[in-house]
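Thanks, everyone. Let me walk you through one chain, going from the surface inward and ending at the sulfurs.

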Amino acid sequence: PIYAAGAGNVVTAKRNAPSLGHYVVINHNNGYYTIYSHMCNGCRYVKVGDYVYKGQVIGGMGQTGYATGIHVHFGIWKGFPYYGGTPVNPMNFF
């Protein structure tokens, strides 16, 4: 299972994006967004507009997009991922 890193609103829940495969983006309403990509087919358990809680299961790991093995590609962004946002090292939050 893939768990939400923090509470927030689901702003993207797409399937079959060329490189990311099936993925979800959560807006944590504090300037940060998290992205969870390469989910398995049929394994996105949330949709755009859903509010999720920290630790809530939002999907399952898979091998969609350009993935070469089953995993989740997790990212934290200041601003919206890939479109004007800046990636942040997740280790800064531990």
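Start at strand S6, residues 57–61, where you will find Val 57. Keep in mind that this is a predicted model.

Is Val 57 buried or exposed? Neither, quite. Its relative accessibility is 34%, so Val 57 counts as partly exposed. That value lies between the 20% and 50% cut-offs. On the surface, Val 57 joins Tyr 3 and Tyr 45 in a nonpolar patch. Together the three have about 310 Å² of accessible area.

Now inside. The largest nonpolar core has eleven residues. Among them are Ile 2, Ala 4, Val 10, Val 24, Met 39, Val 52 and Ile 58. Which elements give two or more residues to this core? Strand S2 (8–17), strand S3 (21–27) and strand S4 (32–44). There is also a second, separate core, this one of seven residues. It includes Tyr 23, Tyr 33, Ile 35 and Trp 77.

Back to Met 39 in the largest core. Set aside its neighbours within four places in sequence. Met 39 then contacts Ile 2, Val 24 and Ile 58, and also His 22, Arg 44 and Thr 64. Its contacts further include Gly 59, Gly 60, Met 61 and Gly 62.

Last, the sulfurs. How many disulfides does the model have? The count is one. The partners are Cys 40 and Cys 43, with sulfur atoms 1.7 Å apart. The torsion about their S-S bond is about -80°, so this disulfide is left-handed. Cys 43 has a relative accessible area of 11%, so it is buried; the cut-off is under 20%.

That's the tour.

How values were computed:
Residues numbered from 1 in each chain as written. Predicted model: local features only at pLDDT ≥ 70, side-chain atom pairs only at ≥ 80, totals over all residues. Heavy atoms only, no water. Patch = residues over 30% accessible without salt bridge, like charges linked within 9 Å, V, L, I, M, F, W, Y side chains within 5 Å. Areas by Shrake-Rupley, 256 points an atom, 1.4 Å probe, with all protein chains shown as cover. Salt bridge = Lys/Arg side-chain N within 4 Å of Asp/Glu carboxyl O. Helix = DSSP H or I, 4+ residues; strand = E, 2+ residues; numbered from the N terminus. Buried < 20%, exposed > 50% of the residue type's maximum accessible area, 1.4 Å probe, protein only. Core = buried A, V, L, I, M, F, W, Y, C linked by side-chain atoms within 4.5 Å. Contact = heavy atoms within 4.5 Å. Disulfide = S-S within 2.5 Å.
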